[in-house]
Amino acid sequence: MKQIAAALALGVMVAAGAPAPRDRPAASPAGTQQRPNILFILIDDMGFADPSVTGNRRVATPNIDRLAAEGLLMTQFYDAAPICSPSRAGFFTGRFPARSRFVTYVGSRAQNAAVGQADWLSPGVPTLAQTLHGAGYATGHFGKWHMGGGRDVGDAPLITDYGFDESYTQFEGLGPRVLPSNVEGEMQRLAEQSAAHGRGKVDYLRRGEVSARYIDKTIDFIARHRDRPWFVQLWPDDVHAPWIPDGDQLAPVKGKGRDANEDAFFAVLTAMDRQIGRLVAALRASGELDRTLIVLTSDNGPNSVARFYANGGSPPGSAGIYRGRKDSLYEGGIRQPLIVRWPGQVPARRRDTATIAQGVDLFPTLAAVAGAGVPRGLDGVSLLPAWRGKPIAKRPDLFWTYGAFGPDAAWPRPTLPVDNSPGFAIRSGPWKLLVDGDGRRAELYDIDHDPRETRNLAAARPALTRSLGARLRAWRRALPSYPAFTRQAGKPAAE
């Protein structure tokens, strides 16, 4: 164990239902671990085109790019929601999050009640961590949680109640956690509320130092669990505003942004990329890298807060060619790159532009990788055929809801009207229908030919619009009861 820890430390310094047989991983070479370790990196508020591998030409993210070069990049991958909490619940439960009463970010009790949102994810819902732990994996969560425990909700379950052996989070969760020491305003208030809850040791760090702490915790966890396969959720929150880089983080990118806000954004984005590189180097130094499956994506589109539009400006973060940003069901709010590195199983330097996938698919896929049984009632499908080089041509419909229940003022919305989508969406093959809760404002797009969502074909294709609308209504009827949608004047809540 001392030798393993030393190797990992060297890496730190160097980089400053049972699955069907076809879904089981192929046998590994003799003398190696047959079931891979699994590292799931979920970045907070990173837009589709923020990594340089998917379009950023102002700054580079070489470590994220290298993961893509050594594996697979999927470009038609979607989050289960355009905002953090339900998106994360989709990944974690394999279910469309509205089925678990997750439709927006977990806020105060009053905010949650206004839209019928749960105060925390029910521990009774099967989770990815529970399934992998039951299959013999050591399980750890390091980073943002935001599925219960924060603001005035201090009685939520601990993260370890959901199948993790260990956890370390921030003010959106309970248990051991780190709070920012150099913030003001809303984030300072949230940190103070978190500290008052107790229920775990509380540390304090400057915001720019937090991801390094998550990486340290991850490396330590790996060093102590070499006797069996491990599953780690590494969910950094650097790219979520406010961006408060230190001087060393800011210096390499200063002046590369359009203004000081974008400079700060680029500083935390590239600093996070370096931390990912540090972790990969540690895995390589310890001999763990090539028996580890690494999955990386983001939880929703880029920031859309109004203050960044002042004086003709625009918010940092890019959705590339796609319409919409965070808080929108247009492509820019929910479409993400999915990067998968798994030597010997996932061919390198591949780009899958055909497979349509969503966050709910990761649960059944990773369970199949681990040889674990998959609980009944999941909405996702296994992506293993696509990961191994055969794009999936047909899959069940995908569904979303956001902003469709309770008072309009309760929902964070994109600042620009063009980005503010209807409240329900369905993707079926190339077609995507968006519609408001009252059945009006139908928008139909052929995503294969119009990924920018500029040509509404609802009037031109009435039969298809009706058919997709009927499927969307049937899905909505199967959801738990939510408050009726009402239009009200007022300032939307801010996450």
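**Enclosed elements and unusual backbone sites**

Q: Into how many nonpolar, polar and charged residues does the lining of the largest cavity divide?
A: A cavity is a set of points on a 1 Å grid over the protein atoms alone where a 1.4 Å probe fits but cannot get out, and lining residues have an atom within 4 Å of a point. The lining here includes Arg 207, Asp 237, Asp 238, Trp 243 and Val 268. Ala, Val, Leu, Ile, Met, Phe, Trp, Tyr, Cys and Pro count as nonpolar, Asp, Glu, Lys and Arg as charged, and the others, Gly among them, as polar. By these classes, the lining of the largest cavity has 3 charged, 2 polar and 5 nonpolar residues.

Q: Which pLDDT do local features need in this predicted model?
A: Residues are numbered from 1 along each chain as its sequence is written, and side-chain values use heavy atoms, with hydrogens and water left out. In this predicted model, totals for chains, interfaces and linings use all residues, side-chain atom pairs count only at pLDDT 80 or more, and local features need pLDDT of at least 70.

Q: What volume does the largest cavity have?
A: A volume is the space filled by probe spheres set on the grid points, which are joined across faces, edges and corners. Among the residues that line the largest cavity are Gly 208, Val 210, Ser 211, Pro 242 and Ile 244. The volume of this cavity is about 60 Å³.

Q: Which residue does a cis peptide bond join to Ala 241?
A: Most peptide bonds are trans. At Ala 241 the bond is cis, with omega at about 0°. The partner lies in the loop between strand S7 (230–235) and helix H8 (247–250), and it also lines the largest cavity. The residue joined to Ala 241 is Pro 242.

Q: Why is helix H11 largely enclosed by the rest of the structure?
A: Helices (H or I, at least four residues) and strands (E, at least two) are DSSP runs numbered from the N terminus, and buried means under 20% relative accessible area (1.4 Å probe, protein chains only). The cover of the buried residues in H11 includes strand S1 (37–43), helix H3 (84–93), strand S8 (292–298) and helix H12 (384–387). Leu 362, Phe 363 and Val 369 are among the buried residues of H11. The helix (residues 362–369) is largely enclosed because its buried residues number 8 of 8.

Q: What positive phi does Gly 371 take?
A: Gly 371 stands just after H11. Its phi is positive, at about 70°.

Q: Which residues of strand S9 point the other way from Arg 335, Pro 337, Ile 339 and Arg 341?
A: In a regular strand the side chains alternate between the two faces of the sheet. In S9 (residues 335–341), 7 of 7 residues are buried, so the strand is largely enclosed by the rest of the structure. Opposite to the set that holds Arg 335 point the buried residues Gln 336, Leu 338 and Val 340.

Q: Which residue of S9 is the bridge partner of Leu 72?
A: Two strands pair if DSSP finds at least two bridges between them. Strand S2 (residues 72–78) pairs with S9 in the antiparallel sense over 5 bridges, and S8 is joined to S9, also antiparallel, by 3 bridges. From S8, Val 295 stands opposite Val 340. The partner of Leu 72 is likewise Val 340.

Q: Which are the edge strands of the open sheet S12-S13-S14-S15?
A: The 4 strands of this sheet pair in the antiparallel sense. An edge strand here pairs on one side only. S12 has 4 bridges to strand S13 (residues 424–428), with Trp 400 opposite Ala 425. The edges are strand S12 (398–401) and strand S15 (443–446).

Q: How many Å apart in space, C-alpha to C-alpha, are Glu 331 and Glu 453?
A: Glu 331 belongs to helix H10 (residues 331–334) and counts as buried because its relative accessible area is 0%. Residues in contact with Glu 331 (heavy atoms within 4.5 Å) include Tyr 78, Lys 432 and Glu 453. Although 122 residues separate Glu 331 and Glu 453 in sequence, their distance in space is 7.8 Å.

Q: What positive phi does Glu 453 have?
A: Glu 453 sits in the loop between S15 and H13 and is buried because its relative accessible area is 1%. Most residues other than glycine have a negative phi. Glu 453 is not a glycine, yet its phi is about 55°.

Q: Is His 146 buried or exposed?
A: His 146 is located in the loop between strand S3 (138–143) and strand S4 (166–168). Its phi is positive, near 55°. Because its relative accessibility is 1%, His 146 counts as buried.

How values were computed
Buried < 20%, exposed > 50% of the residue type's maximum accessible area, 1.4 Å probe, protein only. 1 Å grid on protein atoms, 1.4 Å probe; cavity = no way out; pocket = protein on both sides within 12 Å on 5 of 7 lines; lining within 4 Å. Lists of a residue's contacts leave out its neighbours within four places in sequence.
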